[in-house]
Amino acid sequence: MEQIATRDAYGKALKELGLSNDDIIVLDADLSKSTKTAEFQKVNPKHFINIGIAEQNLMGVAAGIAATGKIPFASTFAMFATGRAFEIIRNSIAYPNLNVKIVATHSGVTVGEDGGSHAAIEDISLMRSVPNMTVIVPADGVETEKVIKKIVEYKGPVYVRLGRSKVPVLYDDSYEFEIGKFSTLKVGSDVTIIACGIMVSKALEAADLLKEKGIKAEVINASTIKPFDDYSLLESVKKTKCVVTVEEHNIYGGLGSAVAEVLCQNYPVPLEMVGVMDVFGESGAPEELLEKFKLTTREIVKKVELVLKRK
Amino acid sequence: METKLIEDKAKEIRREIIKMLGEAKSGHPGGSLSGADIIAALYYKEMKIDSTKPNWEERDRFILSKGHAAPLLYSVLAIKGYFEIDVLKTLRKTGSILQGHPDMNKVPGVEMSTGSLGQGFSTAVGMALSFKVYNKDNRVYALLGDGECQEGIVWEAAMAASHYDLDNLVAILDNNGLQIDGKCSEVMCLGSLRNKWRSFGFHVIEVDGHNIPQILSALDEARTIKGRPTLILAKTIKGKGVSFMEDRAEWHGAAPSMEQVALALEELK
Ligand SMILES: Cc1ncc(C[n+]2csc(CCOP(=O)(O)OP(=O)(O)O)c2C)c(N)n1
Ligand SMILES: [Mg+2]
């Protein structure tokens, strides 16, 4: 299967925008080669701003640019964007509801060798808790490109979570991404597997393994974490009566929590979570770390079997 | 005599950095190599430490605020005997104590977990302040990058260090002129670092960061300064000691191939 890192897709989308949309300004904090904003710089250097190693100022300056009616994209690693600059995002971007697109890369444990100090496992939780903020976690390169183009048309603050490592391409160009709308990748009636980001491809693999065992899994890509698509989730669980959530993020505060919030209030059913079990990331090869933190197809299958017993 | 010993240790540190990064296949050679002479001077002369007692209360503290230069710290700690030299081969591998950025709960001799730029220096100020409050004479040394000085927290910490008269704190600035995206002067100009630190209340000493006698005499001078912290502004060359890495931004975060390791080790004989 073709593989591409979502950050590479971001670079490609920015490059196109750099040539076609004069309202866009791209900002980075000394990581432009890693976040791929350097691709934009190549085609539109006048609209590229390197703010240096100063993530708080990155967000403040982006807010100011948005206040002049332009569309800033602010990029750095997820750790520094949502961690270091959290309160600036909260008070200077979200509170005044400014049109800043925060696109952060190197999220989750698959940041790999850099280790726990760099592996953001809290960013979805942080961004999701801020009013006015839209939170999107694309599953592959195609969806990333669609997301980037879509958020240019949308007015308001957006957080997009991207990864460092290559992931399988799941969509083809005919896919239409809509903010606030899940995409059902596989229809099934026994269990709902709802995943986001790099874990969507693993959820699909798990569904194939489950099929061999006679279990029909529905697989949903929850690429917009906020606003949450309550309707699609509820339609699915009314049919399947149980859910497994899958994310490369702390199980506290991320997709699993969002799903639990909606289900408990509307349609309580058994739920199991696959995610980072409230521990920090570590150094290692990304694939090895996915094993270590039990972010695997095997673990999804196990949790599905568990949740089915609880039905 | 003393100078020669420290120079030899600096070279040994550089060799271990190169070998370690070759094995790891990722990591940060440039900023590790630029600090080798400074760290050798600290660990082989300046600091009161005992590698057999990493938790000794009387010890001085070293904080690698530019945490990405972890190989620099790991190599001096291994050579000093804080852990087995063979462990260096496990850098950045799953399950290793040697994380990509230093983890104080995993490695004996690492005083603070760092990696997010600027924060290490702030914690160094906290340590120095604690020693002041409790009338201890432990000294605190922090190594910072020049790019790192673009972080606001560095200046918030500097302000506090001089406000609280922390003459037990020595900040050493590895002034190699480069960060990731290129020259500091082009990415985000820092202006005069000497004047900035001076105006934040530091006693500033400028040295060639690859000249051991100059580094040692600056550290001696810092001990005589009372009532304010010292900043040693060390002019350095990123990648120092390996000709093909010297002063090149692309060697910030790229590991050498096995052939390049061999070439580098030849130069570091
Ligand atoms: C808060 C934060 N932002 C960004 C990074 C990513 N990063 C790692 S090293 C580096 C450049 C550091 O440059 P400098 O301080 O000059 O270090 P040196 O040249 O000594 O390697 C950056 C931006 C980080 N580790 N922490
Ligand atoms: Mg530098």
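In what order do the five strands of the open sheet in chain A lie? In this predicted model, the order is 9-11-10-13-14, and the pairing is mixed. Strand 9 (183–186) and strand 14 (271–276) of chain A form the edges, each pairing on one side only. Between neighbouring strands of the sheet, the average turn is 25°, with direction ignored.

A good place to look inside the sheet is the pairing of strands 10 and 11. Strand 10 (residues 191–195) and strand 11 (residues 217–221) of chain A run parallel and are joined by five bridges. Within this part of the sheet, A:Ala195 has A:Asn221 of strand 11 of chain A opposite it.

Helices of chain A accompany these strands. Helix 10 (residues 230–240) of chain A packs on the sheet, where it touches strand 10, strand 11 and strand 13 (243–250) of chain A. The direction of helix 10 makes about 150° with that of strand 10 of chain A. Helix 13 (residues 297–309) of chain A, in turn, lies across strand 10, strand 13 and strand 14 of chain A, and runs at about 160° to strand 14 of chain A. Strands 10 and 13 of chain A thus appear among the contacts of helix 10 and also among the strands that helix 13 lies across.

Turning to chain B, the magnesium ion (ligand 2) has as its protein donors B:Asp146 through OD, B:Asn176 through OD1 and B:Leu178 through O. These donors lie 2.1 to 2.2 Å from the ion. Along the chain, their spacing is D-x29-N-x1-L. Of these residues, B:Asn176 and B:Leu178 are buried.

Definitions and conventions
Residues numbered from 1 in each chain as written. Chains lettered and ligands numbered in written order. Predicted model: local features only at pLDDT ≥ 70, side-chain atom pairs only at ≥ 80, totals over all residues. Heavy atoms only, no water. Pairing = 2+ DSSP bridges. Helix = DSSP H or I, 4+ residues; strand = E, 2+ residues; numbered from the N terminus. Axes fitted to C-alpha atoms, helices over the stretch in contact; angles between N-to-C directions. Contact = heavy atoms within 4.5 Å. Donors = N, O, S within 2.8 Å, 3.2 Å for Na, K, Ca; no water. Buried < 20%, exposed > 50% of the residue type's maximum accessible area, 1.4 Å probe, protein only.
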